Amino acid sequence: MSDPREHEPLVHRGDVGEPAPTAPAPRTEPAPEPEPEKLFFPSVDVFVAEYLAPLLRRRLNRSLAVWCPSWWAHPEAVARLTSLWRAFEYLRRDPALGVSIWWTHHADPHLRALMDPDVGPFAVCDPRDGHSSSPLPPLPLTPVPPGLLDHPGFRVEESIFENMRENAADAGERERPTGYPKDKVLNKNMGF
């Protein structure tokens with residue numbers, strides 16, 4: 001059996017006690033930050049107006065599907081359509097399955113929920129008559145009993161709760177909000 005060191009290349013190590021010569025490290029310039037890829041649709045309203053609305057063809061009536069031309073006046077619709085737009089912008093970059101995943105995992109379920117004539121956010125609107133001036137009320141809430149959600153089964157990550165407790169202790173004992181105040185509006189310009 002041969003000694004494995006026999007096949008190693010000889011390296012000049014200098015005289016005894018002298019450090020081996022080293023080549024200077026090449027100078028490297030920091031790589032420039034890559035520019036973020038531009039959005040195909042710059043906003044959710046452009047996404048809805050230029051992509052989704054012209055693309056979708058549905059029989060709109062009170063029994064199959066509903067749509068509100070003033071979709072932006074419904075907070076749930078704004079949240080769902082914004083999620084669809086963001087998912088589209090991300091997934092369109094995947095040339096293999098991105099668009100398919102967008103349809104099956106994002107668009108189909110959100111559109112089913114949005115256009116549901118019984119329980120969707122547009123249930124009181126009509127595609128021909130337009131937006132209803134009496135939108136559906138928000139879900140009613142009662143305060144969560146103290147300690148109910150402290151069970152480990154409800155914990156996402158212990159450090160999150162520790163930070164929340166520390167922040168609450170630092171800020172002093174404040175009354176916990178029970179939801180969005182009924183006398184406030186989310187966005188005065190949009191009517192909700």
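Colleague: How exposed or buried is Glu76, and what is its relative accessible area?

Modeller: The general idea comes from the classes: buried means under 20% relative accessible area, exposed means over 50%, and partly exposed lies in between, with a 1.4 Å probe and protein chains only. Glu76 has a relative accessible area of 35% and is therefore partly exposed. The model is predicted, so local features need pLDDT of at least 70 and side-chain atom pairs count only at pLDDT 80 or more, whereas totals for chains, interfaces and linings use all residues. Residues are numbered from 1 along each chain as its sequence is written, and side-chain values use heavy atoms, with hydrogens and water left out.

Colleague: With which residue does Glu76 form a salt bridge?

Modeller: A salt bridge is a side-chain nitrogen of Lys or Arg within 4 Å of a carboxyl oxygen of Asp or Glu. Here the partner of Glu76 is Arg80, and their closest N and O atoms are 2.9 Å apart. Both residues belong to helix α2, four residues apart, which is about one turn of the helix. Arg80 is partly exposed, at 23% relative accessible area.

Colleague: How many salt bridges does the structure hold?

Modeller: There are two. Glu89 and Arg92 form a salt bridge, again with 2.9 Å between the closest N and O atoms. In that pair Glu89 is buried, at 3% relative accessibility, while Arg92 is partly exposed, at 23%.

Colleague: What secondary structure does the protein chain have?

Modeller: Helices (H or I, at least four residues) and strands (E, at least two) are DSSP runs, numbered from the N terminus. This chain has four helices and zero strands, and its pattern along the sequence is α-α-α-α.

Colleague: How many aromatic pairs does a search of the whole structure find?

Modeller: Rings of Phe, Tyr and Trp (its six-membered ring) pair if their centres lie within 6.5 Å; planes under 30 degrees apart count as stacked, over 60 as edge-to-face and the rest as tilted. The search yields 12 aromatic pairs. One of them joins Phe41 and Phe88: the centres are 5.8 Å apart, the planes stand at 50°, and the pair is tilted. Phe41 lies in the segment before α1 (44–55) and Phe88 in helix α2 (residues 75–91), so the pair ties together parts 47 residues apart in sequence. Phe41 is buried, at 6% relative accessible area, and Phe88 is buried, at 8%.

Colleague: What geometry do the rings of Phe47 and Trp102 have?

Modeller: Their centres are 6.2 Å apart with the planes at 90°, so this pair is edge-to-face. Phe47 sits in helix α1 and Trp102 in helix α3 (residues 98–114), so far along the chain that 55 residues separate them. Both Phe47 and Trp102 are buried. Ring pairs also link Phe40, Phe41, Phe47, Tyr51, Phe88, Trp102 and Trp103 into a cluster.

Colleague: Which residues of the largest nonpolar core touch the most other members?

Modeller: A nonpolar core is a set of buried Ala, Val, Leu, Ile, Met, Phe, Trp, Tyr and Cys residues joined through side-chain atoms within 4.5 Å. The largest one has 26 residues, and those touching the most other members are Phe47, Leu52, Leu81, Leu84, Trp102, Leu111 and Phe122. Helices α1, α2 and α3 each supply at least two residues of this core, and α2 gives the most, with seven.

Colleague: Which residues does Leu111 touch?

Modeller: Contact means heavy atoms within 4.5 Å. Not counting residues up to four places away in sequence, Leu111 touches Leu52, Leu56 and Leu84. For the protein chain, 63% of the contacts with a separation of 6 or more are between residues 24 or more positions apart.

Colleague: Where does Ser132 lie?

Modeller: Ser132 is in the loop between α3 and α4 (158–171). It counts as buried, at 14% relative accessibility. Leaving aside neighbours within four places in sequence, Ser132 is in contact with Val124 and Cys125.

Colleague: What share of the residues in the protein chain is buried?

Modeller: Buried residues make up 23% of the 192 residues.
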